[in-house]
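Here is a friendly note for someone opening this structure for the first time. Please keep the sequence and the 3D view side by side as you go through the points.

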Amino acid sequence: MIKSHTTDNVTSLVIKPRIIPRSDHNISRSNISENALKVLYRLKNAGYKSYLVGGSVRDLLLELKPKDFDIVTDARPEQIRELFRNCRLIGRRFRLAHVRFGREIIEVSTFRAPHHTAKGEGHTEDGRIVRDNVYGDIDDDVWRRDFTVNALFYNIEDFSLVDYVGGLSDIKARQLRLIGDPEERYREDPVRMLRAIRLAVKLGFTLHPATEQPITKLDYMLRDIPSARLFEEFMKLFMGGCALATYIQLRRYGLFVYLFPETSQALDEEIDGFTHKLVSNAFNNTDARVKEGKPVTPGFLIAALLWAPMIRLAESYKSNGLAEMDAIHLASDAVISRQVKNISMPRRFTHMARDIWSLQSRLKHRQGNRPNRLLSHPRLRAAYDFLMLRADSGDNVRESANWWTEFLVKNGSRDTESFASDRNTPRHTRRRRRDAR
Ligand code: ATP
Ligand code: MG
């Protein structure tokens, strides 16, 4: 049944949802985080509507373990805060609540309405959303979500699922489909193109043809995304355990160039395939570590991703008469400062890449006491791993890599895990996510 109603002087369609009772779906409370349940129940008991929504509902239906649990409610941010002691209101563009339970943060947002016209208030000339702060109800909130499979609501009132957009049948068909007019939805927020690739890879879904088709035409819009938002997306794309497959698809759809333009150029121009191998191997190692539950840091990936442009520039400085170390330092500075204009990377990660690069040159010197002096260098392990990565990718450093393997084993430091032990990464990711809203 379709009826018409008016919000903010703009006519929109209200579609009656399909309600799937508890007996007809497989989401069990035993798979929902206890903390998320606490929040859902407390909102309900205070007389508010409360639903689990987004990636968690999707993942539960697919019998995957959700990364995080997001909740929507008709309670306003201030009302949410009154209910929870452990609650902070955050967000610039849109205020939402973070309810903290130790390490777990449950994100609670108030239903909000989408923007109804492509060039109305809150959009730029090209249709991008710049303001996003109109409260609504569940039947408004559903239309602002990106894909149908991300727009399913789990109702804590009766444990039913609420499906306005055919999300359930798309889950069954294993396809990602944008809600509404795909071109308009990408124009509102071009990051949805990256999300489409990332989620399709992560879930093993195909892109619905109409969702896939505008990407080649609108890819250029990714140029204007704030660099902090792209860093947040970079972390999700490459630190989530599917980096290699995601990288391959981003190249295939022509989106990788908007993330790493100089790397992309090096990949397009190379004939020996070395950079592709280096980058692929780095992603593959990262994926393996994520799967084993080992810590990972983007610093190492940044070193691999920017190695080709850095070394190319350093070579040109050297041929102009600069000493090797100076050439590497200058080239590192130049390449990193150009890259952070696209993706703002925190300094501790770019410093790690710099250290790894300059140590590649120092690892060449094996005479006398020099290797012993390097033993106490905090980045030696990362630099050694990078040397191995180069050797495995076809760079002419196998002999040197083998020598260092033997040397480190002899000195008892071969097994220490230092490069990936950046324990702040998860906390950091959360902080960025907050900041970008
Ligand atoms: P993941 O499993 O990676 O967390 P997710 O779909 O949960 O994937 P989140 O970034 O956690 O992604 O977002 C939660 C929900 O918010 C999404 O499922 C979707 O409903 C909505 N959402 C997120 N980003 C956008 C966007 N750019 N445009 C529209 N809706 C979005
Ligand atoms: Mg999520």
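**Notes on the ligand shell, the core and some single residues**

1. A good place to begin is the ligand shell. α2 (55-61), α7 (191-203) and α10 (227-238) each supply at least two residues of the shell around ligand 1. Among the elements of this shell, α7 gives the largest share, with five residues. Please bear in mind as you look that this is a predicted model.

2. Next, who sits around the ligand? Ligand 1 is surrounded by 19 residues, and the closest are D189, R192, R198, K202 and K236. Sorted by class, the shell holds 15 charged residues, three polar ones and one nonpolar one. If you colour the view by residue class, the 15 charged residues of the shell around ligand 1 are the ones to look for.

3. Some individual contacts are worth displaying. In the side chain of K236, an N or O atom is 2.8 Å from an oxygen atom of ligand 1. For K67, the distance from a side-chain N or O atom to an oxygen atom of the ligand is 2.9 Å. R195 has a polar side-chain atom 3.1 Å from an oxygen atom of ligand 1. As for how enclosed the ligand is, the protein covers 90% of the 590 Å² of accessible area that ligand 1 has on its own.

4. Now turn to the nonpolar interior. The largest nonpolar core has 102 residues, and the members that touch the most others are F238, F260, W357 and F386. Which helix gives the most to this core? That is α15 (residues 298-319), with 11 residues. The core also draws on both domains: at least three of its residues come from domain 1 (3-173), and at least three from domain 2 (226-432).

5. Two residues deserve a look for their backbone angles. E63 is a residue other than glycine with a positive phi, near 60 degrees. You will find E63 in the loop between α2 and β5 (70-73). F159, also not a glycine, has a positive phi near 60 degrees, and F159 belongs to the loop between β9 (152-155) and β10 (161-163).

6. Are these two residues buried or exposed? E63 has a relative accessible area of 66%, so it counts as exposed, the cut-off being over 50%. F159 has a relative accessible area of 19% and is therefore buried, since buried means under 20%.

7. T73 is a neat example within a strand. T73 belongs to β5, and its relative accessible area is 0%, so it is buried. What does its side chain meet there? A polar atom of the T73 side chain lies 2.7 Å from the backbone oxygen of K49.

8. S109 is another strand residue to find, this time in β8 (residues 104-110). S109 counts as buried, at 7% relative accessibility. Between S109 and D74 there are 8.5 Å in space, C-alpha to C-alpha, and the two are 35 residues apart in sequence.

9. Two loop residues can be paired with partners elsewhere in the sequence. I27 lies in the loop between β3 (18-20) and α1 (34-45) and is buried, with a relative accessible area of 1%. Its C-alpha is 8.9 Å from that of L161, although I27 and L161 are 134 residues apart in sequence. D219 lies in the loop between α9 (215-218) and α10; D219 is buried too, at a relative accessible area of 15%. From D219 to V191 the C-alpha distance is 9.6 Å, with their positions 28 residues apart in sequence.

10. Finally, go back to helix α15, where K318 is found. Is K318 buried, exposed or in between? With 29% relative accessibility, K318 is partly exposed, because that class lies between the cut-offs of 20% and 50%. K318 and I328 are 10 residues apart in sequence, and their C-alpha atoms are 8.8 Å apart in space.

Notes: Residues are numbered from 1 along each chain as its sequence is written. Chains are lettered from A and ligands numbered from 1 in the order in which they are written. This is a predicted model: local features need pLDDT of at least 70, side-chain atom pairs count only at pLDDT 80 or more; totals for chains, interfaces and linings use all residues. Side-chain values use heavy atoms; hydrogens and water are left out. A residue is near a molecule or strand if one of its heavy atoms lies within 4 Å of it. A polar contact is a pair of N or O atoms within 3.5 Å; within protein, one must be able to donate a hydrogen and the other to accept it, and residues adjacent in sequence count only if both atoms are side-chain atoms. Accessible areas come from the Shrake-Rupley method with a 1.4 Å probe; for residues, only the protein chains shown count as cover. Helices (H or I, at least four residues) and strands (E, at least two) are DSSP runs, numbered from the N terminus. Ala, Val, Leu, Ile, Met, Phe, Trp, Tyr, Cys and Pro count as nonpolar, Asp, Glu, Lys and Arg as charged, and the others, Gly among them, as polar. A nonpolar core is a set of buried Ala, Val, Leu, Ile, Met, Phe, Trp, Tyr and Cys residues joined through side-chain atoms within 4.5 Å. Buried means under 20% relative accessible area, exposed over 50%, partly exposed in between (1.4 Å probe, protein chains only). Domain bounds come from an automatic or database domain assignment.
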